[in-house]
Amino acid sequence: MSKFKAICLLMILTVLLSGCWSKRELNELAIVVGLGIDKLDNEFEIIVQVVDPSEISSKQPSTGRSPVITYHSKGKTVFEAIRKMTTVTARKLYFAHLQIVVLGDELAKEGMNEPLDLISRDHEFRNDFDVIVAHDATADEVLNVLTPIEKVPANKMLNSLKTSEKTWGTTQSIKIDELINTLNDKEKSVVMSAIEIQGDKNMGEEQTNVKRSKSSTLLKYAGLAVFKEDKLIGLLTEEESRSLGFLRDKIENTIEIIACPKGGTLSTEITHSKTKIKGKFEKGVPKINVLIDIDQNVGEVECHIDLTKEKSIKYVSKKTEELIKKRIEETIHTVQQNYRVDIFGFGEVLHRTNPKEWKKIKKDWLTVFQELPVKVEVHVNTQGTGTMENSLVNKPKGE
């Protein structure tokens, strides 16, 4: 290519390239990290938690202002409420860094399809944020609680959600795209982590809540909320939430406490869990088999038990198996009789197993689900006893 032609080509490309025509300067934007949606008097109330950059910057001294600002707006639709918020915000709302969406308790009971429609399709929202529900509180009340350690409450809620999911098992993260897909799937029902306010809701809004060694108001995850279609119908207890974690193969790490043979207790740390769920049809009747394989270590020992003996290790494994099996069976029964929705994904398993037989019961699945026989097997392997083989608690003198 000649030099003249190359120059002409570059000139043409310069005209065609758009460059940074759509760039947005940070000082022109209000960065939204938390979004709340409530339903009040047949209108949607939108709450946005916006970061104050100067208050969270490590390079600038704090002025004592709140690290976040919350703005409110109402509208007949979520779209209208967000647009109306421009009348109170100094800058254009920027949702690309949204961390978490909180649905108010009353809104969740009434139905969440309509408010989720906009945030799932609007191009300004990404699909990597988590959705949670407020328990016995509005989204407004949750987003107004100032949190210690984490200056930005939305970050605190997200970090607590992730940490609890990995180390305790009573919460489950659900992204907006997964939530929408589950709502559209007639074979599964939604569960969502629920957050509650412990303490004085009004005190949680004050700066003094983060300036004391003991905060008067805290945000705490209360378990998993159960939905029928898009409506909230109940809340699982912590133990039921952990059982669901086992059934959904979500448990990465958790703690179990068993009784020792001669009194006292022993704590174990579950380090690995793998769940396999199989379905079958016997003469047209669906059945489910659940097999859970678990590895654990002995953690805290507060009883007399000789962990150097193989029979003691077998005892620890057997008691852990019985405890988890019983709790899971009770959770399945509670959900079948009280909630009557398939939050376990059993219908999906049966569908994959035998599509022809599934088609026969699909229409009446929720009725069939209530009487579905479920067999649960738990196998536990106790691998380690820690750095000390036996307990120092109640150890006889001279030993």
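Me: What makes Arg121 and Asp117 a salt bridge in this structure?

Reply: In this predicted model, the closest N and O atoms of Arg121 and Asp117 are 2.9 Å apart. A salt bridge requires a side-chain nitrogen of Lys or Arg within 4 Å of a carboxyl oxygen of Asp or Glu, so the pair qualifies. Both residues belong to helix α5 (residues 113-121), where being 4 residues apart separates them by about one helical turn.

Me: Why is Arg121 called exposed?

Reply: Its relative accessibility is 59%, and exposed means over 50%, so Arg121 counts as exposed. Asp117, with a relative accessible area of 36%, lies between the cut-offs of 20% and 50% and is therefore partly exposed.

Me: How do you know that Glu238 and Lys220 meet in a salt bridge?

Reply: The N to O distance is 3.7 Å, which is within 4 Å, so the criterion is met. This pair links distant parts of the chain: Glu238 is in helix α9 (residues 238-247) and Lys220 in strand β8 (residues 217-228), 18 residues apart.

Me: Why does Asp230 count as buried?

Reply: Asp230 has 8% relative accessibility; buried means under 20%, so the term applies. Its salt-bridge partner is Lys231, at 3.6 Å from N to O. Lys231 has a relative accessible area of 37% and is partly exposed.

Me: What makes the pair of Phe344 and Phe369 tilted?

Reply: The count of aromatic pairs comes to 6. In the pair of Phe344 and Phe369, the centres are 6.3 Å apart and the planes are at 35°. The distance is within 6.5 Å, and the angle is neither under 30 nor over 60 degrees, so the pair is tilted. Phe344 lies in the loop between α10 (310-339) and α11 (346-353), whereas Phe369 is in helix α13 (residues 365-369). Phe344 is buried at 6% relative accessibility, and Phe369 is buried at 0%.

Me: Why is the pair of Trp358 and Trp365 called edge-to-face?

Reply: Their ring centres are 5.2 Å apart and their planes stand at 65°. Because edge-to-face requires an angle over 60 degrees, the name applies. Trp358 is buried at 2%, and Trp365 is buried at 3%. Ring pairs link these two residues with Phe344, Phe346 and Phe369 into a cluster.

Me: How do you know that the charged end of Arg242 sits over the ring of Trp168?

Reply: The charged end is 4.5 Å from the ring centre, and the distance limit is 6 Å, so that part of the criterion is satisfied. Arg242 is also linked with Glu239, Glu256 and Arg327 in a network of salt bridges.

Technical notes. Residues are numbered from 1 along each chain as its sequence is written. This is a predicted model: local features need pLDDT of at least 70, side-chain atom pairs count only at pLDDT 80 or more; totals for chains, interfaces and linings use all residues. Side-chain values use heavy atoms; hydrogens and water are left out. Helices (H or I, at least four residues) and strands (E, at least two) are DSSP runs, numbered from the N terminus. Buried means under 20% relative accessible area, exposed over 50%, partly exposed in between (1.4 Å probe, protein chains only). A charge sits over a ring if NZ of Lys or CZ of Arg is within 6 Å of the ring centre and within 35 degrees of the ring normal.
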